[in-house]
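Grab a coffee and work through these exercises with the model open beside you. Each task comes with a step-by-step solution.

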Amino acid sequence: ALVSMKDMLNKALKEGYAVGQFNINNLEWTQAILAAAQEENSPVILGVSEGAARHMGGFKVVTAMTKALIEEMNITVPVAIHLDHGSSFDKCKAAIDAGFTSVMIDASHHPFEENVEETTKVVEYAHARGVSVEAELGTVGGQEDDVVADGVIYADPQECLELVKRTGIDTLAPALGSVHGPYKGEPKLGFDEMEEICKLTNVPLVLHGGTGIPTEHIQKAIARGTSKINVNTENQISFTKKVREVLAKDQEVYDPRKYIVPGRDAIKATVIGKIREFGSNNKA
Ligand code: G3H
Ligand code: ZN
């Protein structure tokens with residue numbers, strides 16, 4: 001069933017695991033992630049960046065496709081369809097109006113007061129419609145679609161507390177050293193700040209840039225209040241690697257299904273691995 005992230009993340013925080021947000025790009029991505037979640041009896045969050053929504057033809061296409069797949073595939077685990085890194089109130093509103101059950105307003109690059117103001121507007125609109133809201137503080141490094149950073153800024157715990165209190169967000173993504181895309185060397189996550197922020201704010205925390213974080217660090221993050229982990233690049237790598245393999249082996253192939261289906265299976269296997277690593281299997 002399509003639900004918001006609120007209950008799934010509060011349950012995860014209480015029981016000590018994390019729910020994966022897996023970003024989608026198209027039909028096959030969505031099929032692979034839904035199938036993995038159902039097989040593992042796990043709640044799941046489908047992340048949709050503004051760029052991916054554009055690619056798929058708009059927010060309405062995304063929700064219509066997702067709803068139809070949930071029905072046709074007999075998906076019974078909780079599924080949230082979530083706008084990833086929403087750039088403005090208007091974008092969040094458009095996603096909500098199209099049927100998204102969750103949004104992220106990423107006003108982290110704005111001055112603090114502006115972040116509070118924009119986030120508050122989104123929370124008022126979203127909560128009136130049963131939609132959950134994620135906000136961000138600090139700067140996640142690297143690049144994802146339209147979201148580009150030229151450095152990493154750690155979130156300030158006191159600002160986190162103030163943002164949560166003043167806006168009423170359901171979940172917070174404090175940037176603490178994580179990076180979108182592959183890491184150069186070992187990630188340096190601020191685990192002490194993570195613990196402090198979760199204790200202060202009492203909301204489930206989100207870890208962006210889940211690709212390439214060693215299992216040991218994932219476990220440390222979950223133990224310190226991280227209840228949602230975003231993964232995008234790793235599925236892109238799995239899919240593309242598989243498709244390359246198939247195409248390299250067979251120079252004659254032209255039916256797209258002959259290479260897309262193995263790619264889809266590779267995504268599913270990656271997602272199952274992450275679900276088990278995050279401990280959300282059998283938590284639906
Ligand atoms: O918002 C999505 C993510 O934070 C994904 O990051 O591509 O490094 O896995 P990633
Ligand atoms: Zn992100």
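**Exercise 1: two acidic positions**

E136 is buried, because 25 other C-beta atoms lie within 10 Å; the cut-offs are 20 or more such neighbours for buried, 12 or fewer for exposed, and partly exposed in between, with C-beta atoms placed from the backbone. A word on the ground rules: this is a predicted model, where local features need pLDDT of at least 70, side-chain atom pairs count only at pLDDT 80 or more, and totals for chains, interfaces and linings use all residues. Residues are numbered from 1 along each chain as its sequence is written, while chains are lettered from A and ligands numbered from 1 in the order in which they are written.

Task: work out where E136 is found and what E136 touches.

Solution. Start with the element: E136 is found in strand β5 (residues 132-137); helices (H or I, at least four residues) and strands (E, at least two) are DSSP runs, numbered from the N terminus. Next, the contacts, meaning backbone-placed C-beta atoms within 7 Å: not counting residues up to four places away in sequence, E136 touches D106, S108, A173 and A175. Now follow D106, which has its place in the loop between β4 (102-105) and α6 (112-127). D106 is buried too, with 26 other C-beta atoms within 10 Å. Finally, check the record: UniProt lists D106 and E136 for "binding site" in an unreviewed entry; its positions are given in the numbering used here, feature names are shortened, and annotations may be inferred rather than shown by experiment. They span 31 residues in sequence, yet no two of their C-alpha atoms are more than 5.6 Å apart, so they gather at one spot.

**Exercise 2: a histidine trio**

Task: which histidines does the UniProt annotation "binding site" cover, and is H85 buried or exposed?

Solution. The unreviewed UniProt entry puts "binding site" on H85, H180 and H208. They gather at one spot, because no two of their C-alpha atoms are more than 11.8 Å apart, although they span 124 residues in sequence. Take H85: this residue lies in strand β3 and counts as buried, with 26 C-beta neighbours inside 10 Å. Leaving aside neighbours within four places in sequence, H85 is in contact with S49, M104, D106, E144 and V147, so D106 from the previous exercise turns up again. Then H208: this one is found in the loop between β10 (205-207) and α9 (215-223) and is buried, with 30 other C-beta atoms within 10 Å.

**Exercise 3: around the ligand**

Task: how many residues surround ligand 1?

Solution. Counting residues whose backbone-placed C-beta atom lies within 6 Å of the molecule, 16 residues surround ligand 1, and the closest are H208, T211, N230, N232 and T233. Then sort by element: β3 (79-86), β11 (226-231) and α10 (233-249) each supply at least two residues of this shell.

**Exercise 4: strand β2**

Task: is strand β2 enclosed or open, and which strand pairs with β2 over six bridges?

Solution. Six of the six residues of β2 (residues 44-49) are buried, so this strand is largely enclosed by the rest of the structure. V44, L46 and V48 point one way, and I45, G47 and S49 the other way. For pairing, DSSP must find at least two bridges between the strands; β2 and β3 pair in the parallel sense over six bridges, with G47 standing opposite H82 in β3.

Notes:
Two residues are in contact if their C-beta atoms, placed from the backbone, lie within 7 Å.
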